[in-house]
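Q: I have a structure open beside its sequence, and I would like to learn how to read its features one by one. Could you walk me through it?

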Amino acid sequence: MAQGQSVPGGPDFTQGVAISDLVNGRLVGHVGKEEVLLVRAGSKLFAIGAHCSHYHGPLADGIVTGETVRCPWHHAGFDLRSGEAVRAPALSPVDCWNVEQRAGQVFVTGKRAQERPRQAATKQGVGRIVIVGGGAAGFAAAEMLRRRGFGGGIVMLSNDAAPPVDRPNLSKDYLAGSAPEDWLPLRPDGFYRKNGIELRLITEVLGIDVRKREVIIAGGKNVPYDRLLLATGAEPVRLSIPGAEQPQVYTLRSLADCRAIISAAENAHRAVVIGASFIGLEVAAALRGRNIEVHVVAPEERPMERVLGPQMADFIHALHEEHGVAFHLQETVTAIDGRRAILKNGGTIDADLVVMGVGVRPRLALAEQAGLVIDRGIAVDAFLETSHRGIYAAGDIARWPDRHSRDRIRVEHWVVAQRQGQAAAENMLGLNVRFDAVPFFWSQHYDVPINYVGHAERWDEIAIDGDVKSRDCLLRYKHKGQVVAAASIFRDVENLQAEVAMERAVESLR
Ligand SMILES: Cc1cc2nc3c(=O)[nH]c(=O)nc-3n(C[C@H](O)[C@H](O)[C@H](O)COP(=O)(O)OP(=O)(O)OC[C@H]3O[C@@H](n4cnc5c(N)ncnc54)[C@H](O)[C@@H]3O)c2cc1C
Ligand code: FES
């Protein structure tokens, strides 16, 4: 090894370890300068890169289900045999090593060549797949099509100027100024050319001609398709109050929106955030990270109570206050007059910038114009196909039959959009993958992550393990005695276990 290169901690696996050294079936050590996780799944031993390919989460702190290890941070999953990222948000594989057992010792030997992921036979008549949208679902679909060996054309149309980015970061580290630029692109620019994905940016799709199987784009030739995926996401709501269109009033969805807020923040002393939603409060935290005085104005009594319940809401409220955020709850902004936000109670707050985080609206215009069935979102079946054969929908726009809540639901979560994009891709190739994932999202406020699994539009009980104020808790939301969702702070394993329990509850119905 070159001088000066440090070797990670833990045992050198090439020298062998005793099986009894594996605590709870796992041990982190190294092979050369690479950190490796040795893990037991049933009676088998596997050696896999110790860190998640999403944001470097410690896989040793996750859980093993079957022959998959799940990351504790945002629930990605990796196949222990091949290293393939089998559950988003991770999309890239991790490395795998060979394991040998000799005389009661376990040795990790050479790194294995990356296995080719499972391939799908290209379905007859599917020569070109068109994806409308360059976000979570659209990108994950394109990547999955190539991963499964689809050899036909992929055209990805996006009205954004930026290639697909890690949108969740736009209200977190990147906005706070603590994430480098290269964290944002989901893939480097060269990826698209190398993988034959025709990414057309700044391309507005105006309509779909379902009879001719073509999408109509602004100022260009129609694009024919054999299969079409709609992944147009959602757009932020802009309150229709006087002054809302002024240049210092922002919403946040795209990288361009985020850069505009960062640029305004550079000379700002005080900001008003309208809305105590996830985005609103993450923006508040990020702006506090830039030392800007932040006022949050929102109509509810407790921030995020509708989604997380009163205990978590009180905690989040107190957490933001500890960091200097001033709340104006049960209050609304009725107008923005120059640099003054005018409140319903007649008060005013001077602000250099205003960010509206008052929810989003799914972008349904294309589906409506094409005559697809709409049900407060685009209605899709369990395979994410819309009412029109050959047209699929995924992500923030799709309402699907969720077997966990036994309801048709539409959610606005990054991981769900990615997993739906992947399932839609596989289904466009004829693989018949039922979309069954338990919804999951995370949110970050300062140094406090909140993980949420399941879907609870209503509940009649919240059972709390641990202590919310001490930032060490798992809350189970129960409806008619069933756990329908769980939220946690620094209880990542329990959150993963709650996810697995919800999966098993549905499997047992099959
Ligand atoms: C700032 C921010 C932070 C977030 N943080 C989290 C988080 O921490 N955790 C979490 O779970 N979720 C988070 N979310 C939500 C998450 O990002 C979304 O649920 C997810 O991006 C939805 O994916 P999607 O593919 O449906 O839509 P999007 O990612 O929005 O992609 C839609 C794409 O379609 C394009 N498009 C739309 N209409 C057209 C058209 N007519 N023609 C061409 N292109 C079009 C858009 O330009 C865009 O490229 C966050 C969202 C934002 C905005
Ligand atoms: S770091 Fe592993 S899922 Fe995000």
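A: Happily. One thing to keep in mind is that this is a predicted model. Let's start with Arg410, which is buried, with a relative accessible area of 18%.

Q: Where along the chain does Arg410 sit?
A: Arg410 belongs to the loop between β31 (407-409) and α8.

Q: Which backbone oxygen does the side chain of Arg410 reach at 3.3 Å?
A: That is the backbone oxygen of Arg376. The Arg410 side chain also has a polar atom 2.6 Å from the backbone oxygen of Asp396.

Q: Asp396 is a name to remember, then. Which residues come nearest to ligand 1?
A: Asp396 is one of them: of the 31 residues around ligand 1, the nearest are Ala137, Asn159, Lys172, Arg253 and Asp396.

Q: How should I look for polar contacts with the ligand?
A: Go through the oxygen atoms of the ligand and ask which protein atom lies beside each. In the side chain of Asn159, an N or O atom is 2.5 Å from an oxygen atom of ligand 1. Ser158 places a polar side-chain atom 3.3 Å from a ligand 1 oxygen. Gly134 takes part through its backbone, with an N or O atom 3.0 Å from an oxygen atom of ligand 1.

Q: Let me turn to open spaces. What volume does the second largest pocket have?
A: Its volume is about 740 Å³. The lining is made of 28 residues, and those nearest the centre of this pocket are Val86, Arg87, Val433, Arg434 and Ala437.

Q: Which elements of secondary structure each supply at least two residues of that lining?
A: They are β8 (85-87), α1 (136-147), α8 (414-428) and α9 (492-507). The largest share comes from α9, with five residues of the lining of the second largest pocket.

Q: What classes of residue line the second largest pocket?
A: The lining has 14 charged, eleven nonpolar and three polar residues.

Q: And enclosed spaces: how many cavities of 30 Å³ or more are there?
A: The count comes to one cavity of 30 Å³ or more. The largest cavity holds about 50 Å³ of space. Its lining consists of Arg81, Ser82, Asp95, Cys96, Arg112, Ala113, Gln114 and Glu115. By class, the lining of the largest cavity has four charged, two polar and two nonpolar residues.

Q: I saw a cysteine in that list. How many disulfides does the structure hold?
A: Here is the general idea: a disulfide is a covalent bond between the sulfur atoms of two cysteines. This structure holds zero disulfides.

Q: Why does Cys473 form no bond to Cys71?
A: The closest cysteine sulfur to that of Cys473 is in Cys71, and it is 19 Å away, so the two are too far apart for a bond. For comparison, a disulfide calls for sulfur atoms within 2.5 Å.

Q: Is Cys473 buried or exposed?
A: Cys473 is buried, with a relative accessible area of 0%. Cys52 is buried as well, at 4% relative accessible area.

Q: Now the backbone. What is the usual pattern for phi and for peptide bonds?
A: Most residues other than glycine have a negative phi, and most peptide bonds are trans. With that in mind, look at the peptide bond from Ala88 to Pro89, which is cis, with omega near 20°. Pro89 lies in the loop between β8 and β9 (96-102).

Q: Which residues other than glycine have a positive phi?
A: Two examples will serve. Met304 has a positive phi of about 65°, and Arg471 has a phi near 60°.

Q: Where are they, and how accessible is each?
A: Met304 is in the loop between β21 and α6. Met304 is buried, with a relative accessible area of 5%. Arg471 lies in the loop between β34 (461-467) and β35 (472-479), and at 23% relative accessibility Arg471 counts as partly exposed.

Q: Which other residue could I look at in the loop between β21 and α6?
A: Try Glu300, placed in the loop between β21 (293-298) and α6 (305-322). Glu300 is partly exposed, with a relative accessible area of 28%. Sequence distance and spatial distance are worth reading side by side here. Glu300 and Leu329 are 29 residues apart along the chain, and their C-alpha atoms are separated by 6.0 Å.

Key: Residues are numbered from 1 along each chain as its sequence is written. Chains are lettered from A and ligands numbered from 1 in the order in which they are written. This is a predicted model: local features need pLDDT of at least 70, side-chain atom pairs count only at pLDDT 80 or more; totals for chains, interfaces and linings use all residues. Side-chain values use heavy atoms; hydrogens and water are left out. Buried means under 20% relative accessible area, exposed over 50%, partly exposed in between (1.4 Å probe, protein chains only). On a 1 Å grid over the protein atoms alone, a cavity is a set of points where a 1.4 Å probe fits but cannot get out, and a pocket is an open set with protein on both sides within 12 Å along at least five of seven lines; lining residues have an atom within 4 Å of a point. Grid points are joined across faces, edges and corners, and a volume is the space filled by probe spheres set on the points. Helices (H or I, at least four residues) and strands (E, at least two) are DSSP runs, numbered from the N terminus. Ala, Val, Leu, Ile, Met, Phe, Trp, Tyr, Cys and Pro count as nonpolar, Asp, Glu, Lys and Arg as charged, and the others, Gly among them, as polar. A residue is near a molecule or strand if one of its heavy atoms lies within 4 Å of it. A polar contact is a pair of N or O atoms within 3.5 Å; within protein, one must be able to donate a hydrogen and the other to accept it, and residues adjacent in sequence count only if both atoms are side-chain atoms.
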